[in-house]
Amino acid sequence: MPPTAGDPLLRRADLGDFRLPNRVVMAPLTRARAANPGLVPTELHAVHYGQRAGAGLIVTEGTWVSERAIGFVNVPGVYSEQQVAGWRRVTDVVHALGGRIVLQLWHTGAASHPDHLRGALPAGPSAVDPHERSFTPGGFKDTVTPREMTLADIEGTVADYRVAALNARRAGFDGVEVHAVGPFLIPQFLNPRLNLRSDAYGGDRAGRRRLLLEIVDAVTAVWEGRRVGVRLSPYWSSGDRFTAGEETLSDYDALVAELNRRPVAYLHLRGRDLAGPGAAPDLDAFARYRRLFDGPLIANLGFDRASANAAIEAGIADAVSFGTHFIANPDLVARFALGHDLAAGDPDTYYSGGAGGYVDYPVSSG
Ligand SMILES: Cc1cc2nc3c(=O)[nH]c(=O)nc-3n(C[C@H](O)[C@H](O)[C@H](O)COP(=O)(O)O)c2cc1C
């Protein structure tokens, strides 16, 4: 609790071309509120993000780069004019309130389900079932064996990212973040258990990372300077496909070295899963990337005010992003500054749709 005035979290910072008044970043949070046929962000989105404009930087929920990227219910896209107009309202509100906001670009690849794709098979690096579950209109369903993407599919996907970034710029975003975390399209390509290709997009780790690097090149070209962040989860483990072993970590080491050669604004790193409920984040897990990456680093997963201040003070991260805390505390930065307690969110309303649990969390009065 107090004193807070000297909190490292409350110091200003530059992440690429983003000028942050504090180092409290809002992590991307899928909330399934675009419950309309066009998957258009609504006035509720403007209220939700406007309430959180005090963040040093807002990273939006993952947003579809194209119709074929879809793999979760009621998530907005950025591929239609209606969606661009809906997002324009969101960015106008956040900017009017003094905030900064980047759009997270998402593609689920083989982790989608035919129910999202009018019965078509999802496409991934190879015809290997990722053994995940997809949230469909009929509830969670097991993934299936996808179709292997052709070279034309891959070229089309990179082009979709480019158009999505152009659309994000037209919608008034300050930049974009490439979603390369969890079990989705880009990590599927990075993963030797899911990517069995022998062409230029597989074969060895240089081939497996080619898709991500081509996407980074396509979206960074849309902006002058450094307005593109990349979000990675090297420690992600789920099922029998994502195992985060030494080979995976060494592939990510080499990947980060490649990112150093590109005009990336920041690396947004999802850390190791916590050792147990309430355990402190493993700072060594971030320190590995601090040594490897030349640019600014945003750390995420399991932080509170004390552990975030400690990570910044130790020089391990430039900023820290908060997911669940931003769900229940729209005024998170003010609570840190005032030394107020944090409210707990209700997981039952994370993906429930509607205003409840989305725009009705109160600000702290002490
Ligand atoms: C409801 C919910 C939705 C999420 N949606 C996304 C998303 O769209 N994109 C993403 O990269 N991470 C997503 N995440 C992960 C969060 O950004 C973050 O990594 C996670 O909540 C851990 O941070 P925390 O300990 O501060 O909550 C989501 C997490 C939650 C709880």
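This section describes the overall fold, the ligand shell, two enclosed elements and three individual residues of a predicted model.

The protein chain contains 11 helices and 14 strands. Its C-alpha trace spans about 55 × 45 × 40 Å along the principal axes. The radius of gyration is 19 Å; a compact globule of 366 residues would have a value near 21 Å, and the two agree. Buried residues account for 49% of the 366 residues. Among contacts with a separation of 6 or more, 71% are between residues 24 or more positions apart.

An unreviewed UniProt entry annotates residues 14-337 as the domain "NADH:flavin oxidoreductase/NADH oxidase N-terminal". Over residues 14-337, helix makes up 34% of the chain and strand 18%. The C-alpha atoms at the two ends of this segment are 20 Å apart.

The ligand is surrounded by 20 residues, of which Ala27, Thr30, Gly62, Gly323 and Thr324 are the closest. Two elements, β4 (57-64) and α10 (324-328), each give two or more residues to this shell. By class, the shell consists of nine polar, eight nonpolar and three charged residues.

Strand β10 spans residues 175-180, and six of its six residues are buried, so the strand is largely enclosed by the rest of the structure. Burial extends to both faces of β10. One side carries Gly175, Glu177 and His179, and the other carries Val176, Val178 and Ala180. Strand β10 pairs with β5 (residues 101-106) in parallel through four bridges. In this pairing, Leu105 has Val178 of β10 as its bridge partner. Strand β10 also pairs in the parallel sense with β11 (residues 228-232), over five bridges. Here Glu177 has Gly229 of β11 as its bridge partner. Val178 and Glu177 thus appear in the bridges to β5 and β11, respectively, and both residues are buried.

Helix α6 (residues 210-220) is likewise largely enclosed by the rest of the structure, because eight of its 11 residues are buried. The buried residues are Arg210, Leu211, Leu212, Ile215, Val216, Ala218, Val219 and Thr220. In an α-helix, residues three or four places apart point the same way, because there are 3.6 residues a turn. Elements covering the buried residues of α6 include the helices α3 (151-170), α4 (185-190) and α5 (205-208). Strands β10 and β11 are also among the covering elements, and these two strands pair with each other.

Two residues other than glycine were examined for their backbone phi angles. Most residues other than glycine have a negative phi. Leu39, in contrast, has a positive phi of about 50°. Leu39 lies in the loop between β3 (24-26) and α1 (43-51) and counts as buried because it has 22 C-beta neighbours inside 10 Å. Leu301 also has a positive phi, near 110°. Leu301 is located in the loop between β13 (297-300) and α9 (305-313), and its 21 C-beta neighbours inside 10 Å place it among the buried residues.

Ala85 is part of helix α2 (residues 81-96). With 13 other C-beta atoms within 10 Å, Ala85 is classed as partly exposed; a residue counts as buried at 20 or more such atoms and as exposed at 12 or fewer. Ala85 and Gly172 are separated by 87 residues in sequence, and their C-alpha atoms are 9.8 Å apart.

Methods: Residues numbered from 1 in each chain as written. Predicted model: local features only at pLDDT ≥ 70, side-chain atom pairs only at ≥ 80, totals over all residues. Rg over C-alpha atoms; globule rule 2.2 N^0.38 Å. Contact = placed C-beta atoms within 7 Å. UniProt positions renumbered as here; feature names shortened; annotations may be inferred. Near = placed C-beta within 6 Å. Nonpolar A, V, L, I, M, F, W, Y, C, P; charged D, E, K, R; others polar. Pairing = 2+ DSSP bridges.
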